[in-house]
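Please load the model in your viewer and keep the selection tool at hand. We will go from stop to stop, choosing a few residues each time.

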Amino acid sequence: MWLFFKRDILWFLQGNKLKIIGLVMLLVLAILISVVNTKNVSGTIADVFLAFLKQENGAENPLTSSLNWIIIQSVPVFLFGSYFYKELFALEEFITIRFNNRILPFLSKILLIITLMLLYYLVIIGLVVFISFLFGIRLDIEPTVLFIGLNMPLYEIGLYFFVGGLALTMLQLLLSIIIKPFYAITVVLIIIVTNCFITNSWIIGSISNVAGFTDVNNWLLFSIQLGYIILAILIGGNIYRKTDLYKLN
């Protein structure tokens, strides 16, 4: 599987250079806005991170108050796009025949998703810290402006962001091989927006909207989303394993 993974990550990065550059610029813009707002109210770096959960201004409108969160969760949706379907069903046929193994290419895509999502959130953290330092924002893990009563360490918030985003991306992978990429992207975007209006622990990806779950058992939310991830992997792998690539292509 390591050979599949090396090839997948190289092909993905090479084939999406312009898209990656554009999305990074969008992230930088969103972070700059949060940093400037935090600087104006004398907040800390913790406040910059928490601004991605819910902004203080526009609290009456779930879409405007969660705009940064929507951007962060939507970036992987457009970044992966039709990649899963194209790679698994249009380009993997000869590789699958050669290696006589239908599950290794799929597992390689799973590993690719986890790796890129982890890198994605690490990039966000790095950009937030770097831009905050440039603007002279205090390095403090305790918020002074937003969510002062949020009894959750930043590393736990980051973990929930990662798991929630991973659940959404796994759903996109599953739907891509069932109902085609365009519809998969549409469904995932609808779920992201729905998470802004409805606080429900059973909605996929809801765990990443941490601000809506400050008074509940967050580890229960974590377990539910982790269950979705495992279920998507099992169902997706079984569907791909049984798909007739000859008839499909």
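Start by selecting F162: with a relative accessible area of 16%, F162 is buried (buried means under 20% relative accessible area, exposed over 50% and partly exposed in between, with a 1.4 Å probe and protein chains only). A word on what you are looking at: this is a predicted model, in which local features need pLDDT of at least 70 and side-chain atom pairs count only at pLDDT 80 or more, while totals for chains, interfaces and linings use all residues. Residues are numbered from 1 along each chain as its sequence is written, and side-chain values use heavy atoms, with hydrogens and water left out.

Now add Y121 to the selection. Y121 is buried too, at 9% relative accessible area. Y121 and F162 form an edge-to-face aromatic pair, 6.2 Å centre to centre with 85 degrees between the planes. For such pairs, ring centres of Phe, Tyr or Trp (its six-membered ring) lie within 6.5 Å; planes under 30 degrees apart count as stacked, over 60 as edge-to-face and the rest as tilted. Y121 sits in helix α8 and F162 in helix α9 (residues 154-179), so the pair ties together parts that are 41 residues apart in sequence. Helices here are DSSP runs (H or I, at least four residues), and strands are E runs of at least two, numbered from the N terminus. Widen the selection to Y120 and F161, and you have a cluster of Y120, Y121, F161 and F162 linked by ring pairs.

Next, colour the whole of α8, residues 104-134. Its 31 residues reach 44 Å from first C-alpha to last, close to the 45 Å expected at 1.5 Å a residue; the expected span is 1.5 Å times one less than the number of residues. After α8 comes G136, with a positive phi near 75 degrees.

For another backbone stop, go to K180, in the loop between α9 and α10 (181-197). What is the sign of phi at K180, which is not a glycine? It is positive, about 80 degrees. Most residues other than glycine have a negative phi. K180 is partly exposed, at 41% relative accessible area.

Now show helices α2 (residues 17-40) and α5 (residues 67-80) together. They pack at an angle of about 175 degrees, with axes 11 Å apart; axes are lines fitted to C-alpha atoms, for helices over the stretch in contact, and angles run from 0 to 180 degrees between N-to-C directions. That makes α2 roughly antiparallel to α5 (over 145 degrees; under 35 is roughly parallel, 65 to 115 roughly perpendicular and the rest oblique). To see the contact (heavy atoms within 4.5 Å), select K19, I20, L23, L26, L27, A30 and S34 of α2 with N68, I71, I72, V75, F78 and L79 of α5. While you are in α2, find G22: its C-alpha is 9.9 Å from that of L79, with their positions 57 residues apart in sequence. G22 is partly exposed, at 35% relative accessibility.

One more ring pair is worth a look: Y83 and F84. Their centres are 5.9 Å apart and their planes at 70 degrees, so this pair is edge-to-face. Y83 is buried at 6% relative accessible area, and F84 is buried at 0%. The structure holds 8 aromatic pairs.

Finally, zoom out to the chain. It has 12 helices and 0 strands, and 49% of its 249 residues are buried.
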